[in-house]
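Trainee: I should like to work through this structure with you, one question at a time. May we begin with the ligand and then turn to a helix?

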Amino acid sequence: MSDNRSNINWFPGHMRKALNQTAENLKLVDIVFETVDARIPFSSRNPELNQIIGNKPHIILLNKADLADPDKTNEWVQHYRKQGLRAIPIQANRKGGIDNLKKAAEEELSDLLEKAASKGRTGRPIRAMVVGVPNTGKSTLINALAGKKSAVTGDRPGVTRAPKWIKTDSRFELMDMPGVLWPKIQSKRSGIVLVATGAVKEEVIDVLEASYETMKILNSLYPELMSERYKVELPASDDYETFQEMARKRGCLMSGGRIDEDRFARLLLDDLQSGRIGRITLEVPVLKENTDG
Ligand SMILES: Nc1nc2c(ncn2[C@@H]2O[C@H](COP(=O)(O)OP(=O)(O)O)[C@@H](O)[C@H]2O)c(=O)[nH]1
Ligand SMILES: [Mg+2]
């Protein structure tokens, strides 16, 4: 397999510009809503965001919680809490957890809102910006928060203009330009889980390899779910044979009975992304000292 390190900082110029623009826009808001994929909370965050957020109130949204392992999501919430960060599981596409988010944001901003109220500005709108790496659900969250008032489609990154404000059904006003960050691929494993969850396209890591490595991760973390779905016995004595057996059982065969590994590789990732394997989380929290990727 090729060394993918050259892909790690794709288009650094563009990224720097996007980060700078996000930093500029952040000055205009009271609070930041950062979307991460609850299945890969580590790899779907851009660590540079913390630096540009500084002391501004900030809530992490563990989105796609419907696809993630609920126990692990809970562990992540505790993990962030220990770092002084508030995290809330949500399912943006069904508006799940949105009320919790609104309540939490008002709590985070209680001092500021009380101060405004004491100056006669009761019910002052709360201005928020949604940021996150692609595919973590920024647009979906903005639509969920906007309610009936307004709908947004698509990101418009890199366009320099004054942000407009999306009014919502509640006291929130959202910046109409979400902060588009890029995932920082800090390790081979990060690249694999980002491809597996569909967060980054397959040019980072070949799909067959990503799928095979993902199978190994899933077999070790969720052996019951994997044997249930693919009718193999786990733990496996040989990973490659297990991969082939899964493919055979799912009918991924070519003429002459050869196993169509590429077809099964895609099928496995498709199963994972659509939740058919079950609710899975591919990353567990680790102590700060160990977060070297
Ligand atoms: N299962 C599930 N899918 C979601 C959720 N939120 C968003 N999605 C889907 O994830 C994909 C990416 O969402 P999008 O809002 O476009 O992400 P963005 O790139 O950050 O703006 C879309 O197909 C959404 O329908 C969620 O809570 N659960
Ligand atoms: Mg979007």
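**Ligand shell and first helix**

Mentor: In this predicted model, an oxygen atom of ligand 1 lies 2.8 Å from a side-chain N or O atom of lysine 138. Taken alone, ligand 1 exposes 590 Å², of which the protein buries 72%.

Trainee: Which helix gives the most residues to the shell around ligand 1?

Mentor: The shell holds 16 residues, and among the closest are Lys138, Ser139 and Thr140. A run of residues 138-146 supplies three residues to this shell, the most of any helix or strand, and that run is helix H6.

Trainee: At what distance does the backbone of alanine 92 lie from an oxygen atom of ligand 1?

Mentor: Backbone atoms also take part in the surroundings of ligand 1: a polar backbone atom of glycine 137 is 3.0 Å from a ligand oxygen atom. For alanine 92, the backbone N or O atom lies from an oxygen atom of ligand 1 at 3.0 Å.

Trainee: How many charged residues are in the shell around ligand 1?

Mentor: Sorted by class, the shell has eight polar and four nonpolar residues. The charged residues in the shell number four.

Trainee: Why do the buried residues of H1 lie on the same side?

Mentor: The buried residues of H1 are Met15, Leu19, Gln21, Thr22, Asn25 and Leu26. They lie on the same side because the arc they cover around the axis is only 160 degrees.

Trainee: Which exposed residues does the opposite face of H1 carry?

Mentor: Exposed here means over 50% relative accessible area. On the face of H1 turned away from its buried side, the exposed residues are Gly13 and Lys17.

Note on methods. Residues numbered from 1 in each chain as written. Chains lettered and ligands numbered in written order. Predicted model: local features only at pLDDT ≥ 70, side-chain atom pairs only at ≥ 80, totals over all residues. Heavy atoms only, no water. Near = heavy atom within 4 Å. Polar contact = N/O pair within 3.5 Å; in protein donor to acceptor, adjacent residues only side chain to side chain. Areas by Shrake-Rupley, 256 points an atom, 1.4 Å probe, with all protein chains shown as cover. Helix = DSSP H or I, 4+ residues; strand = E, 2+ residues; numbered from the N terminus. Nonpolar A, V, L, I, M, F, W, Y, C, P; charged D, E, K, R; others polar. Buried < 20%, exposed > 50% of the residue type's maximum accessible area, 1.4 Å probe, protein only. Arc of directions from axis to C-beta.
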